[in-house]
Amino acid sequence: MSDTPLIQINNLDKSYTNNNKTVQVLNNINFDIKKGETIAILGQSGCGKSTLLNIIGGFITANYGNVYFDGEEVIRPGRKSVMLFQNYGLLPWRSVMKNVELGLEGINLTSKQRRERALRYLNMVGLEDKTDLFPRQLSGGMQQRVAIARALAIEPKLLLMDEPFGALDTFNRYNLQDELLKIQEKAETTIVLVTHDIDEAIYLSDRVMVMSKEPGEIQRAVKIEIGKPRDRSGDDFQYYRKLILNEFHLSGTKPPIEYNI
Ligand SMILES: Nc1ncnc2c1ncn2[C@@H]1O[C@H](COP(=O)(O)OP(=O)(O)OP(=O)(O)O)[C@@H](O)[C@H]1O
Ligand SMILES: [Mg+2]
């Protein structure tokens, strides 16, 4: 992991107006993300995680503050980053294969190379035998895996993931988390992962941004200092679980050692 920040997030504020009522969703969000780092944004439903991720990706603009990617201000979605949306974003009229190939159409590949790359990632998510089906013929978890394959196939510099494993069963979730770790290590991809799942945040990320609600703020940044791959049942893993549960007031006891920010 390099020390130079790939992403700089400066003083972000965001509010929405619904029925003449303005609600501040994000308040003064500030942090940097290093190249090759995996950041988890963890918080309760409605605290502003998707809003923050969408601002980082250039899909929505903040009311105040800015985001820099590789030193350039983000004002619209760019080619170097890929967003894996919470609602999968599959095109219903395209087959599984064609959905995964979609992201590769702007890249300089022959149709054979495109197909091979799409198949490699479909294989990774265990859907190599479903390539000719359409999204409506798949379960929710399968649709989510197609969306994951499509995002990964682009092999982006920055991968923005909004609850990517939410609809998957435990086995698929654990498998895909491990695949993501391998891809991240091999390609040095920088990842911002939005999740509700404390274990997932600890398993995958280098730093967990714990968000508070109304307004959404970074309540605490927790650096996870355990080598990867991590043992979900290990003592150090439990230590971080407890520390983060404490942040959400979900644990009765204080963690045994000091916070590591
Ligand atoms: N386009 C919009 N217009 C108006 N209000 C919005 C809009 N998008 C989000 N909000 C509001 O902003 C708040 C934060 O929404 P956001 O989707 O960022 O939350 P979240 O943390 O991703 O929640 P979840 O975990 O349920 O996905 C919510 O109160 C939501 O109602
Ligand atoms: Mg969300």
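For a helix lying across strands, contact means heavy atoms within 4.5 Å, and the angle between two elements runs from 0 to 180 degrees between N-to-C directions. In these terms, α1 lies across β1, β2 and β4, and its direction makes an angle of about 125 degrees with that of β1. The model described here is predicted.

The strands crossed by α1 belong to an open sheet of four strands, arranged in the order β2-β1-β4-β5 with antiparallel pairing. Its edges are formed by β2 (21-34) and β5 (72-73), each of which pairs on one side only. Strands of a sheet pair through backbone hydrogen bonds, either parallel or antiparallel. Between β1 and β2 the antiparallel pairing extends over 10 bridges, and within it Leu-12 has Ile-29 of β2 as its bridge partner. On the pairing of β1 with β4, five bridges are found, again in the antiparallel sense; here Ile-9 is matched with Val-67 in β4. Strand β4, residues 64-69, is joined in turn to β5 by two bridges, and these strands run antiparallel. Tyr-68 stands opposite Glu-73 of β5.

The connection between β1 and β2 is a hairpin with two residues between the strands, in which Asn-19 adopts a positive phi near 50 degrees. Asn-20 is likewise placed in the loop between β1 and β2. The phi of Asn-20 is near 65 degrees, a positive value in a residue other than glycine.

Elements of this part of the chain also contribute to the surroundings of ligand 1. The shell around the ligand holds 13 residues, of which Ser-45, Gly-46, Lys-49, Ser-50 and Thr-51 come nearest. By class, the shell consists of three nonpolar residues, nine polar residues and one charged residue. Three polar approaches to the ligand may be listed by residue. A polar side-chain atom of Lys-49 lies 2.7 Å from an oxygen atom of ligand 1, and a backbone N or O atom of Gly-46 lies 2.8 Å from an oxygen atom of the ligand. For Asn-18, a polar side-chain atom is found 3.3 Å from a nitrogen atom of ligand 1. On its own, ligand 1 has 630 Å² of accessible area, and the protein covers 63% of it. Two elements, β1 (5-18) and α1 (49-56), each give two or more residues to the shell. The largest share, three residues, comes from α1. The helix that lies across β1, β2 and β4 is thus also a contributor to the ligand shell.

A further open sheet contains six strands in the order β6-β7-β8-β3-β9-β10, with mixed pairing. At its edges stand β6 (81-84) and β10 (217-223); each has a single partner strand, so one side of each is left without a neighbour in the sheet. Neighbouring strands of this sheet are turned against each other by 15 degrees on average, direction ignored. Within the sheet, β7 (residues 158-162) and β8 (residues 190-195) run parallel and are joined by five bridges. In this pair, Leu-158 stands opposite Thr-190 of β8. Helix α4, residues 140-153, lies across β6 and β7 and runs at about 175 degrees to β6.

Two cis peptide bonds are described for the region around β10. One is the bond from Glu-214 to Pro-215, with omega near -5 degrees; Pro-215 is located in the loop between β9 (207-212) and β10. A cis peptide bond also joins Lys-228 and Pro-229, where omega is about -5 degrees. Pro-229 lies in the loop that connects β10 and α7 (235-247).

Key
Residues are numbered from 1 along each chain as its sequence is written. Chains are lettered from A and ligands numbered from 1 in the order in which they are written. This is a predicted model: local features need pLDDT of at least 70, side-chain atom pairs count only at pLDDT 80 or more; totals for chains, interfaces and linings use all residues. Side-chain values use heavy atoms; hydrogens and water are left out. A residue is near a molecule or strand if one of its heavy atoms lies within 4 Å of it. A polar contact is a pair of N or O atoms within 3.5 Å; within protein, one must be able to donate a hydrogen and the other to accept it, and residues adjacent in sequence count only if both atoms are side-chain atoms. Accessible areas come from the Shrake-Rupley method with a 1.4 Å probe; for residues, only the protein chains shown count as cover. Ala, Val, Leu, Ile, Met, Phe, Trp, Tyr, Cys and Pro count as nonpolar, Asp, Glu, Lys and Arg as charged, and the others, Gly among them, as polar. Two strands pair if DSSP finds at least two bridges between them.
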